[in-house]
Structures are given as structure tokens and as C-alpha cells.
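Here is a friendly briefing to read with the model open beside you. It goes through pockets, aromatic side chains, a few single residues and the chain as a whole.

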Amino acid sequence: MDEKDKEQIYQIIEKKVSGVDLGRVSIKEDIVTVLIAFGLVVGSSIIVIFPFLVFSPVMTALIISNITGILLLFFMGYWREEDKRITKKLITGGLTAFVALIITIVTIVLGG
């Protein structure tokens with residue numbers, strides 16, 4: 001491709017891109033997004049740590065905490081999937097939970 005063709009293509013693209021409105025996100029929406037994300041992280045941390053405050057044997061609390069964490073990750077994967085099909089959502093949630101299960105098993109094997 002010679003320079004003349006490249007310049008024409010560049011001008012066409014530049015003309016089309018200048019008409020595209022990318023929109024703007026207000027500071028208020030940014031702050032709300034950050035606060036929601038912070039709340040979800042802190043909330044899920046409390047849910048995972050809570051069994052250690054309630055259940056006496058540490059292994060029982062660890063098992064309950066792991067199950068809770070895996071379920072939370074399943075729901076996060078399910079919710080994160082933008083496709084409307086339930087099977088796609090279940091697969092994404094299942095894969096996210098499966099990764100958490102692998103991490104749990106490896107942690108138990110290496111730690112125990």
C-alpha cells in the first residue's frame with residue numbers, strides 16, 4: 001500500500017471517529033461505582049471470616065469459610081457474565097468456582 005492510500009484511509013477513519021460520542025462518566029457515578037465495589041469486597045471478606053468467629057474448631061470454620069468463598073465466587077462469575085443465556089452464566093460461574101476449588105485443594109495439600 002502506498003503512502004497516498006494510507007493517507008486517504010487515515011483521513012476517512014479520522015473523519016468517522018470524530019463523529020463518535022464516547023460519552024462522559026460523572027464524578028458522582030465514579031464514586032458510586034468505587035463505593036459499591038468497596039462494599040462488595042468488604043462484605044465478602046466479612047462473610048468469609050465470619051465462620052472463624054462463630055465456630056469453635058478451626059478446621060470446621062475453615063471448611064465453612066472455604067465453601068462460602070467458593071459459593072461467593074460462583075455467584076460473582078454468574079453475575080459477571082453479560083450473556084443472557086442461563087447456561088453461559090452457569091458455565092462462567094462454575095469455572096470461577098472451580099478455580100477457587102483448585103486453590104482450596106492445593107492450599108490444603110501444601111499446608112496440611
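Helix H3 gives the largest share of the lining of the largest pocket, with 5 residues. The model you are looking at is a predicted one. The bullets below start with that pocket and then move outwards.

**The largest pocket**
- The volume of the largest pocket comes to about 260 Å³.
- Two elements each give two or more residues to the lining of the largest pocket: helix H2, spanning 27–54, and helix H3, spanning 58–80.
- If you want to pick the lining out on screen, select Leu40, Gly43, Ser44, Ile47, Leu72, Phe75, Met76, Trp79 and Arg80.
- By residue class, the lining of the largest pocket has 6 nonpolar, 2 polar and 1 charged.

**The second largest pocket**
- The second largest pocket holds about 180 Å³ of space.
- Here the elements that give two or more residues to the lining are H3 and helix H4, which covers 86–111.
- The lining of the second largest pocket is made up of Leu62, Asn66, Gly69, Ile70, Leu73, Ala100, Ile103, Thr104, Thr107 and Ile108.
- These lining residues split into 6 nonpolar and 4 polar, with no charged residue.

**Aromatic side chains**
- How many aromatic pairs does the structure hold? There are 2 aromatic pairs.
- One of them joins Phe74 and Phe75 in an edge-to-face arrangement, with 5.4 Å from centre to centre and 70° between the planes.
- Phe74, Phe75 and Tyr78 belong to one aromatic cluster.
- Phe75 also appears in the lining of the largest pocket. Is Phe75 buried or exposed? Phe75 counts as exposed because its relative accessibility is 52%, and the cut-off for exposed is over 50%.
- Tyr78 has a charged neighbour: Lys89 lies over the face of the Tyr78 ring, at 5.3 Å from the ring centre.

**Two residues to look at: Arg80 and Ile86**
- Arg80 sits in helix H3 and is among the residues that line the largest pocket.
- With a relative accessible area of 55%, Arg80 is exposed.
- Between Arg80 and Gly93 there are 8.3 Å from C-alpha to C-alpha, and the two are 13 residues apart in sequence.
- Ile86 belongs to helix H4.
- Ile86 counts as partly exposed because its relative accessibility is 47%, and partly exposed covers what is neither under 20% nor over 50%.
- The C-alpha atoms of Ile86 and Gly19 are separated by 37 Å, and these residues lie 67 residues apart along the chain.

**The chain as a whole**
- The protein chain has 4 helices and 0 strands.
- Along the sequence, its pattern reads α-α-α-α.
- Why is the protein chain described as more spread out than a compact globule? Its radius of gyration is 23 Å, and the globule rule gives 13 Å for 112 residues, so the chain lies well over that value and is more spread out than a compact globule.
- Taken along the principal axes, the C-alpha atoms of the protein chain fill a box of roughly 75 × 35 × 30 Å.
- What percentage of the 112 residues of the protein chain count as buried? The share that counts as buried is 14%.

Technical notes: Residues numbered from 1 in each chain as written. Predicted model: local features only at pLDDT ≥ 70, side-chain atom pairs only at ≥ 80, totals over all residues. Heavy atoms only, no water. 1 Å grid on protein atoms, 1.4 Å probe; cavity = no way out; pocket = protein on both sides within 12 Å on 5 of 7 lines; lining within 4 Å. Points joined across faces, edges and corners; volume = space filled by probe spheres on them. Nonpolar A, V, L, I, M, F, W, Y, C, P; charged D, E, K, R; others polar. Phe/Tyr/Trp six-rings, centres within 6.5 Å; stacked < 30°, edge-to-face > 60°. Buried < 20%, exposed > 50% of the residue type's maximum accessible area, 1.4 Å probe, protein only. Lys NZ or Arg CZ within 6 Å of the ring centre and 35° of its normal. Rg over C-alpha atoms; globule rule 2.2 N^0.38 Å.
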